[in-house]
Amino acid sequence: MNTEGNKNNTTVEAKTITEVQSESLIPLGRYGPLVARIPVIISQSKVHISINTEISLDYEAIDIRNCTRTVSLSQCSLLDMGDKRHGKVYLNGYINENIECATFQSLEGSSTSRICFKAVKIPFEFAAKVDYCTRPTSLTQNRFVPVNLCPSLDQTVTKEGFICQLDEAEICEADIIKKSLFSKNNNTYDTLTEYLVVYITFTLLQWQQVSIPRGLPYNSP
């Protein structure tokens with residue numbers, strides 16, 4: 001079996017990292033009353049979306065050896081519903097899918113196989129109603145507000161100061177249908193039809209000024 005893109009084995013230098021003992025320190029800070037500007041959790045939600053997609057392979061495959069997927073968000077907007085309890089979030093993103101498959105190849109009367117790779121982006125978008133656990137500030141009724149994605153180090157915080165954080169993503173593969181090619185070898189295929197269910201947990205935050213009252217010192221019994 002040949003592997004596409006393989007290189008000769010080489011020896012590299014490596015070293016063992018020694019683990020050292022750490023000392024726990026108690027964080028120090030100011031006691032209230034004071035006012036702080038911090039990200040406040042506006043809502044936390046979990047949604048599931050169903051995706052059906054077809055992926056065209058670059059080769060005639062005989063087997064899928066491995067398939068990895070990760071979820072990324074690309075854009076988020078918030079629409080205030082005007083009732084001080086609910087909002088509607090519009091989110092879109094994509095699934096990064098890396099497919100490793102074995103392909104069939106005939107060379108000079110003999111048959112062999114090699115490993116090939118295919119990387120695709122599967123887009124998705126959805127709208128979801130969210131419940132406010134903390135009322136947002138600086139919202140205008142029936143107007144879309146842009147929301148920064150976290151981490152967003154290359155973006156400036158908008159006037160409204162909203163942030164959307166992807167907490168967890170789980171992908172369940174419902175089914176994969178392999179379409180056979182009209183070729184002499186009926187065991188090969190060049191197209192995958194995927195049925196995916198994606199569970200996404202996300203948190204909506206907003207920078208707010210919060211009044212912290214006088215209380216017990218941190219870590220007090």
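**Close-up 1. Surroundings of T203 in the predicted model.** T203 touches I41, S43, Q44, I163, C164, Q165 and D167, when residues up to four places away in sequence are not counted. This view, like those that follow, is taken from a predicted model. T203 itself lies in strand 8, and because its relative accessibility is 4%, below the 20% under which a residue is called buried, it counts as buried. Two of the residues it touches are also joined to it through side-chain polar contacts: the side chains of T203 and Q44 are linked by a polar contact of 3.0 Å, and the side chain of T203 makes another with the side chain of D167, at 2.4 Å.

**Close-up 2. Pairing of strand 2 with strands 8 and 5.** Strand 2, which spans residues 34-80, runs antiparallel to strand 8, residues 189-212, and 23 bridges join the two. Within this pairing, V40 has Q206 of strand 8 as its bridge partner. Strand 2 is also joined to strand 5, residues 144-146, by three bridges, and these two strands likewise run antiparallel. Here the bridge partner of L79 is F144, a residue of strand 5. As context for this view, the secondary structure of the chain comes to eight strands and zero helices, so that, with strands written as β, the order of elements from the N terminus reads β-β-β-β-β-β-β-β.

**Close-up 3. I51 and its contacts across the sequence.** I51 lies in strand 2, and with a relative accessible area of 12%, which is under the 20% cut-off, it is therefore classed as buried. Leaving out residues up to four places away in sequence, I51 touches I95, I122, F124, E194, Y195, L196 and V198. The C-alpha atoms of I51 and V197 are separated by 6.3 Å, although the two residues are 146 residues apart along the chain. For the chain as a whole, 76% of the contacts between residues at least 6 apart in sequence join residues that are at least 24 apart, and 33% of its 221 residues count as buried.

**Close-up 4. Two partly exposed residues, E60 and I176.** E60 is placed in strand 2, and its relative accessibility of 36% falls between the 20% and 50% limits, which means that it counts as partly exposed. The C-alpha atom of E60 is separated by 5.4 Å from that of Y189, a residue 129 residues apart from it along the chain. I176 is found in strand 7, residues 162-180, and it too is partly exposed, because its relative accessible area is 27%. The contacts of I176, leaving aside neighbours within four places in sequence, are with L192, T193 and E194. Between I176 and E54, which are 122 residues apart along the chain, the C-alpha separation is 9.7 Å.

**Close-up 5. H86 at the start of strand 3.** H86 is found in strand 3, which covers residues 86-107. It is buried, because its relative accessible area is 17% and the limit for that class is under 20%. Its side chain makes a polar contact of 2.7 Å with the side chain of D131. D131 is also one of the residues in contact with H86 when neighbours within four places in sequence are left aside, the others being D80, M81, K129, V130 and Y132.

**Close-up 6. The cavity and the residues that line it.** The count comes to one cavity of 30 Å³ or more, and the volume of the largest cavity is about 30 Å³. Its lining is made up of L57, D58, Y59, C101, C116, F117 and K118. At least two residues of this lining are supplied by each of strand 2 and strand 4, the latter spanning 110-131. Sorted by class, the lining holds five nonpolar residues and two charged residues, with no polar ones.

**Close-up 7. The cis peptide bond between G32 and P33.** G32 and P33 are joined by a cis peptide bond, for which omega is about 5°. P33 is placed in the loop between strand 1, residues 2-3, and strand 2.

Definitions and conventions: Residues are numbered from 1 along each chain as its sequence is written. This is a predicted model: local features need pLDDT of at least 70, side-chain atom pairs count only at pLDDT 80 or more; totals for chains, interfaces and linings use all residues. Side-chain values use heavy atoms; hydrogens and water are left out. Helices (H or I, at least four residues) and strands (E, at least two) are DSSP runs, numbered from the N terminus. Buried means under 20% relative accessible area, exposed over 50%, partly exposed in between (1.4 Å probe, protein chains only). A polar contact is a pair of N or O atoms within 3.5 Å; within protein, one must be able to donate a hydrogen and the other to accept it, and residues adjacent in sequence count only if both atoms are side-chain atoms. Contact means heavy atoms within 4.5 Å. Two strands pair if DSSP finds at least two bridges between them. On a 1 Å grid over the protein atoms alone, a cavity is a set of points where a 1.4 Å probe fits but cannot get out, and a pocket is an open set with protein on both sides within 12 Å along at least five of seven lines; lining residues have an atom within 4 Å of a point. Grid points are joined across faces, edges and corners, and a volume is the space filled by probe spheres set on the points. Ala, Val, Leu, Ile, Met, Phe, Trp, Tyr, Cys and Pro count as nonpolar, Asp, Glu, Lys and Arg as charged, and the others, Gly among them, as polar.
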